[in-house]
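The following exercises concern a single protein model and are to be worked with the sequence and coordinates at hand. Each task is followed by a solution in steps.

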Amino acid sequence: MPISKTNTPAQTALGKFYLHPWDSQVLVDWAKSLVLQGKTDEELVALSGMERSSREAILDQFGTVVLVNNIDVSFDELTAATAYLNDLRTRVLADKIDSEAAFAQVRPLAYDLDGIQLTGLSELDEDLNLVDSGVAPFHHDNLNATNKNVFIRRFFSEMRILEPLPTSGDTGRQRYDYELDTFNEGVSNVVLAVLSFLILLSLLSGAAV
């Protein structure tokens with residue numbers, strides 16, 4: 001039984017795999033679901049039994065499966081993550097997944113400054129932590145323990161993917177470049193001042209003669 005060439009579950013599974021570095025099971029679960037549907041592809045069956053394998057081995061086998069079956073999957077991390085996040089949003093708004101469970105899947109991104117950033121995620125995460133601790137929220141005035149699902153659904157409804165924040169290395173490089181430019185500019189000014197003084201001194205000496 002052939003696998004569908006356009007396989008949205010494969011793309012969303014890959015997106016979740018990328019966004020959840022602690023969870024390698026998602027690609028194995030995708031393979032298992034197809035095996036349960038009667039798919040007997042050798043590479044797919046092998047992937048379905050790789051629960052204890054490394055992330056690298058699982059991703060490599062997933063790549064083999066989609067290559068052998070000519071499945072249309074993008075391995076670009078942003079493309080895959082976007083597919084997963086859009087699927088998650090659709091299921092939340094259609095009440096096909098509990099909103100708090102869905103938010104738990106994206107919540108770790110609030111603490112990954114080098115990864116994908118989502119609009120409003122850090123603010124809502126902070127306020128939910130405050131409310132859970134019995135403290136008034138800071139960003140959402142009306143948020144409380146009984147209506148948090150309303151705010152989570154609003155978050156998914158308005159969610160957009162932002163450009164990743166500059167890494168610490170990039171920030172350091174930008175600061176270093178700025179400081180180097182400032183230093184070079186200072187040196188140039190000193191050299192120019194010395195040359196101007198020497199020229200003036202030469203002119204004065206010539207006038208004195």
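**Exercise 1. A residue in helix H7**

Task: Determine whether Leu128 is buried or exposed, and list its contacts beyond the neighbours within four places in sequence.

Solution. The model is a predicted one.
Step 1. Leu128 has a relative accessible area of 3%. Buried means under 20%, so Leu128 is buried.
Step 2. In the secondary structure, Leu128 belongs to helix H7, residues 121–132.
Step 3. With neighbours within four places in sequence left aside, Leu128 is in contact with Phe103, Arg107, Leu143, Lys148 and Ile152.
Step 4. A C-alpha to C-alpha distance of 9.7 Å separates Leu128 from Phe151, and the two are 23 residues apart in sequence.

**Exercise 2. Confidence and overall organisation**

Task: State how confident the predictor is on average, and describe the order of helices and strands along the sequence.

Solution.
Step 1. The average pLDDT of the protein is 83, and 75% of the residues score at least 70.
Step 2. Residues 1–6 have a pLDDT below 50, and this stretch has 14 contacts in the model beyond near neighbours in sequence. Residues 170–184 also have a pLDDT below 50; for this stretch, the model has 1 contact beyond near neighbours in sequence.
Step 3. The protein contains 9 helices and 2 strands, and their pattern along the sequence is α-α-α-α-α-α-β-α-α-β-α.
Step 4. The protein has 209 residues, of which 33% count as buried.
Step 5. Consider contacts between residues at least 6 apart in sequence: 55% of them join residues at least 24 apart.

**Exercise 3. Aromatic pairs**

Task: Find how many aromatic pairs the whole structure has, and classify the pair Trp30 and Phe62 and the pair Phe103 and Phe155.

Solution.
Step 1. A pair of aromatic rings is described by the distance of the centres and the angle of the planes.
Step 2. The search of the whole structure yields 5 aromatic pairs.
Step 3. For Trp30 and Phe62, the ring centres are 5.2 Å apart and the planes stand at 70°. Planes over 60 degrees apart count as edge-to-face, so the pair of Trp30 and Phe62 is edge-to-face.
Step 4. Trp30 is in helix H2 (residues 25–36) and Phe62 is in helix H4 (residues 55–68), so this pair ties together parts that are 32 residues apart in sequence. Trp30 and Phe62 are both buried.
Step 5. Phe103 and Phe155 also form an edge-to-face pair, with 5.4 Å from centre to centre and 90° between the planes. The pair links distant parts of the chain, 52 residues apart, with Phe103 in helix H6 (residues 99–106) and Phe155 in helix H8 (residues 148–158). Phe103 and Phe155 are buried.
Step 6. Ring pairs also join Trp30, Phe62 and Phe75 in a cluster.

**Exercise 4. The largest pocket**

Task: Identify which residues line the largest pocket and which helix supplies the largest share of the lining.

Solution.
Step 1. The space in the largest pocket is about 190 Å³.
Step 2. Its lining consists of Thr8, Pro9, Thr12, Ala13, Lys16, Val26, Tyr84, Asp87 and Arg91.
Step 3. Helix H1 (8–19) and helix H5 (77–93) each contribute at least two lining residues. The largest share, 5 residues, comes from H1.
Step 4. Sorted by class, the lining has 4 nonpolar, 2 polar and 3 charged residues.
Step 5. Thr12, one of the lining residues, lies in helix H1. Thr12 has a relative accessible area of 11% and is buried. Beyond its neighbours within four places in sequence, Thr12 is in contact with Ala83, Tyr84 and Asp87. Among these contacts, Tyr84 and Asp87 also line the pocket.

**Exercise 5. Two polar side chains compared in turn**

Task: For Gln11 and Ser24, give the place in the secondary structure, and state which residues each contacts.

Solution.
Step 1. Gln11 is placed in helix H1 and counts as buried at 12% relative accessibility.
Step 2. Not counting residues up to four places away in sequence, Gln11 touches Asp72, Val73, Ser74, Ala80 and Ala83.
Step 3. Gln11 and Tyr84 are 7.3 Å apart, C-alpha to C-alpha, although 73 residues apart in sequence.
Step 4. Ser24 is in the loop between H1 and H2. With a relative accessible area of 18%, Ser24 is buried.
Step 5. Neighbours within four places in sequence aside, Ser24 is in contact with Phe17, Arg55 and Ile58.

Methods:
Residues numbered from 1 in each chain as written. Predicted model: local features only at pLDDT ≥ 70, side-chain atom pairs only at ≥ 80, totals over all residues. Heavy atoms only, no water. pLDDT = per-residue confidence, 0-100. Contact = heavy atoms within 4.5 Å. 1 Å grid on protein atoms, 1.4 Å probe; cavity = no way out; pocket = protein on both sides within 12 Å on 5 of 7 lines; lining within 4 Å. Points joined across faces, edges and corners; volume = space filled by probe spheres on them. Helix = DSSP H or I, 4+ residues; strand = E, 2+ residues; numbered from the N terminus. Nonpolar A, V, L, I, M, F, W, Y, C, P; charged D, E, K, R; others polar. Phe/Tyr/Trp six-rings, centres within 6.5 Å; stacked < 30°, edge-to-face > 60°. Buried < 20%, exposed > 50% of the residue type's maximum accessible area, 1.4 Å probe, protein only.
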